[in-house]
Amino acid sequence: MTARTRTRARTAVASALLAALVIGPLAGAAGAVQPGTAAPVAAAPGMALSAGDAPADGEPDTTALEKALVGIPDVDISAALVRVGGKGRWTGTAGVRDLRTGAPALENARFRAGSTTKVVTAALVLQLVAEGRVELDAPVTRYLPGLLPDSFAEPPTVRHLLTYTSGLKPGANLGSTTEEMYPNRFRTLSPQRVVATAVAKGPAFGPGKRQQYQNIDYTVLGLLIEKVTGDRYEHQADVRIFRPLGMRHTGFPVGPDPRIHGPHHRAYTDIGGRTTDVTEWNMSDRWAAGNMISTTADLERFLVALFRGQVVPQPLLDQMFVVPDVEGDASYGMALERFVYNGTEIWGKTGSRPGYHTVLAATRDLSRTVVYSVNAKSAREDGFPLVARFALPAFDR
């Protein structure tokens, strides 16, 4: 298939998806797509393997990776960006950046990185620990006096917050589902308000008793970073991590700004049975837990530098990979989650916002890394099908 033919096919699929849009630029009805329609796969210059080659020892199976991108855009996914590194490199780009125009997806597109933000927040806290300004096993009230009401017999420590074992209950939100949140997408809910409503509920369980993944722990850590440094969380992330690592396309919206500035893909989800554009959205309530905007290249740069000990000193970096011994199932260390695939231990983090699903993951020795951003209507549902399609093939070799 020639490049021109590919472009026509891709545009035809996008047009099919848009055929039933009826309520203007921010919503519409999903159209039908013929299964198996191929979208072009773009490989990075110097890619180790071409389609059909047998992968060498330790190098990625590019055939499997390319297969994951076939058929995009489809009824769920409008675009996918995948970067695989370690022993051998591969990048893939598929789909469209805008369903209305059918313009091809951009390899350098910026996107809402969701809860991968938590890895940055954990790294900032551990930098402060390395500087002697924070102690891991000190109660959080040492740094945020007055944070907790008397209903907390025992305050959680900094370590408890980092490992999702604080026992805090979730705070106020603007809806629990995308459909509930959509009418409130331009409202502002401050982190201070989120934390105040959380602690007012009292503890869900004693600190360190069990692990419960949630945003509130990292929202509190954002406040801790600001209190200890006397500076804005966003600026600390910029001067301590983004600038030193050359992450020039990563940052946070200014206040309640709902836009993604710079090149980006439109994001879509189903609202009331209609395909709806959800690109513009005020995510300030997610803040240090999930408000970062980035690119796959920048997140890969961060992931590699972090695992090499260039962001957090090695002894503290090792702490990030310790899963706490608590009641029930625990799989998270500090921000990062541990899982095993085909006998390989992988550490990573997912992120999901309406219309955007992100993954960063790697083996401890960096023999394999993967970062992806997928624009999917199902981004905030069970993310495993997306992980299985776009991330796990990177670890097949």
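G132, which has a positive phi near 75°, follows helix α3. The model is predicted. Its protein chain holds 12 helices and 11 strands. Two helices, α3 and α8, and the aromatic side chains are taken up below, after the chain as a whole.

**Whole chain**
- The protein chain has 397 residues, and 56% of them count as buried.
- Consider the contacts in the chain with a separation of 6 or more: 71% of them come from residues 24 or more positions apart.
- The exposed area of the protein chain is about 15900 Å². Carbon and sulfur atoms make up 50% of that area.

**Helix α3**
- Helix α3 covers residues 117–130, 14 residues in total.
- Its end C-alpha atoms are 20 Å apart. This agrees with the expected span of 20 Å, at 1.5 Å a residue.
- Of the 14 residues of α3, 13 are buried, so the helix is largely enclosed by the rest of the structure.

**Helix α8**
- Helix α8 runs over residues 233–242. Its buried residues include Y233, Q236 and A237. R240, I241 and F242 are buried as well.
- These residues of α8 cover an arc of only 155° around the axis, so they lie on the same side of the helix.
- The cover over the buried residues of α8 includes helix α3. It also includes α7 (216–229), α9 (287–290) and α10 (296–307). Strand β7 (292–294) is another of the covering elements.

**Aromatic pairs**
- The whole structure contains 11 aromatic pairs.
- One of them joins F321 and W347 in an edge-to-face arrangement. The ring centres are 5.1 Å apart, with 85° between the planes. An angle over 60 degrees counts as edge-to-face.
- F321 lies in the loop between α11 (314–320) and β8 (337–341), while W347 is in strand β9 (residues 344–353), so the pair ties together parts that are 26 residues apart in sequence.
- Both F321 and W347 are buried.
- Elsewhere, Y164, Y213, Y218 and Y332 are linked into a cluster by ring pairs.

**Charges over rings**
- F321 also has a charged partner: R364 lies over the face of its ring, at 3.8 Å from the ring centre.
- A further case involves Y182. The charged end of R185 sits over the Y182 ring, 3.9 Å from its centre.

Conventions
Residues are numbered from 1 along each chain as its sequence is written. This is a predicted model: local features need pLDDT of at least 70, side-chain atom pairs count only at pLDDT 80 or more; totals for chains, interfaces and linings use all residues. Side-chain values use heavy atoms; hydrogens and water are left out. Helices (H or I, at least four residues) and strands (E, at least two) are DSSP runs, numbered from the N terminus. Buried means under 20% relative accessible area, exposed over 50%, partly exposed in between (1.4 Å probe, protein chains only). Contact means heavy atoms within 4.5 Å. Accessible areas come from the Shrake-Rupley method with a 1.4 Å probe; for residues, only the protein chains shown count as cover. The expected span of a helix is 1.5 Å times one less than its number of residues. Rings of Phe, Tyr and Trp (its six-membered ring) pair if their centres lie within 6.5 Å; planes under 30 degrees apart count as stacked, over 60 as edge-to-face and the rest as tilted. A charge sits over a ring if NZ of Lys or CZ of Arg is within 6 Å of the ring centre and within 35 degrees of the ring normal. The arc is that of the directions from the helix axis to the C-beta atoms.
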